Amino acid sequence: MLTNDHKTRNYSSVLVSQYGAKGTSERAKFDEEAYSFYTSQILLDARKNARLSQEELARRIGADKSYISRIEKGTVVPSVATFYRIINALGLSVNISPAL
């Protein structure tokens with residue numbers, strides 16, 4: 001069992017040691033799964049903050065409740081169009097700005 005030893009680490013080197021360097025297929029797979037999880041949590045939190053059920057959100061975007069559930073679990077990544085429909089249904093907007 002792994003435990004936290006409370007030592008400060010360079011997170012980039014941890015990622016390289018566990019998932020490979022940027023550009024490797026292993027790292028690309030990890031990054032894809034991480035982005036999927038991150039997106040799912042953003043949408044889950046936004047839905048809860050809007051006080052909508054999965055069923056109501058699904059109805060608003062013309063989808064099934066099970067589809068919303070799979071998105072929130074991170075097992076399905078919505079298309080960009082579906083992502084924007086969800087964002088709009090939640091009364092939110094997306095702001096794209098240059099990376100620093």
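Here are some notes on this predicted model, going from its helix packing to its largest pocket.

1. Ground rules. Because the model is predicted, local features need pLDDT of at least 70 and side-chain atom pairs count only at pLDDT 80 or more, while totals for chains, interfaces and linings use all residues. Numbering starts from 1 along each chain as its sequence is written, and side-chain values use heavy atoms, with hydrogens and water left out.

2. α1 against α2. Helix α1 covers residues 11–19, and α2 covers 25–49; helices here are DSSP runs (H or I, at least four residues; strands would be E, at least two), numbered from the N terminus. The two pack at an angle of about 115 degrees, with axes 9 Å apart. Axes are lines fitted to C-alpha atoms, for helices over the stretch in contact, and angles run from 0 to 180 degrees between N-to-C directions. The crossing of α1 past α2 is right-handed (the near helix is turned clockwise from the far one by less than a right angle; anticlockwise would be left-handed).

3. Who meets whom there. On the α1 side you'll find L15, V16 and Y19, and they meet E26, R27 and F30 of α2; contact means heavy atoms within 4.5 Å. By class, that contact has four nonpolar, no polar and two charged residues. The classes are: Ala, Val, Leu, Ile, Met, Phe, Trp, Tyr, Cys and Pro nonpolar, Asp, Glu, Lys and Arg charged, and the others, Gly among them, polar.

4. The R51 loop. R51 sits in the loop between α2 and α3 (54–61) and has a positive phi of about 55 degrees although it is not a glycine. Worth a look, given that most residues other than glycine have a negative phi. R51 counts as exposed because its relative accessibility is 77%; the cut-offs are under 20% relative accessible area for buried, over 50% for exposed, and partly exposed in between (1.4 Å probe, protein chains only). Its C-alpha is 39 Å from that of S25, 26 residues away along the chain.

5. R47, a buried arginine. R47 belongs to α2, and at 9% relative accessibility it counts as buried. Leaving aside residues up to four places away in sequence, R47 touches L52, S53, Q54, L57, E72 and L90.

6. A58 in α3. Is A58, a residue of α3, buried or exposed? A58 is buried, because its relative accessibility is 1%. Beyond residues up to four places away in sequence, A58 touches A63, D64, K65 and I68. The C-alpha atoms of A58 and F37 are separated by 19 Å, with their positions 21 residues apart along the chain.

7. Helix α4 and its cover. In α4 (residues 65–73), the buried residues are Y67, I68, S69, I71 and E72. Their cover includes α2, α3 and α5 (80–89). G74, just after α4, takes a positive phi of about 85 degrees. Over in α5 there is R85, partly exposed with a relative accessible area of 39%; the C-alpha atoms of R85 and Y67 are 13 Å apart.

8. The largest pocket. Which residues line the largest pocket? They are E32, Y35, S36, T39, S40, I71, V76, V77, P78 and F83. For the term itself, on a 1 Å grid over the protein atoms alone, a pocket is an open set of points where a 1.4 Å probe fits, with protein on both sides within 12 Å along at least five of seven lines, and lining residues have an atom within 4 Å of a point. About 170 Å³ of space lies in it, the volume being the space filled by probe spheres set on the points, with grid points joined across faces, edges and corners. The largest share of the lining, five residues, comes from α2, and by class the lining has six nonpolar, three polar and one charged residues.

9. S36, one of the lining residues. S36 is found in α2 and is buried, with a relative accessible area of 11%. Not counting residues up to four places away in sequence, S36 touches G74 and V77.
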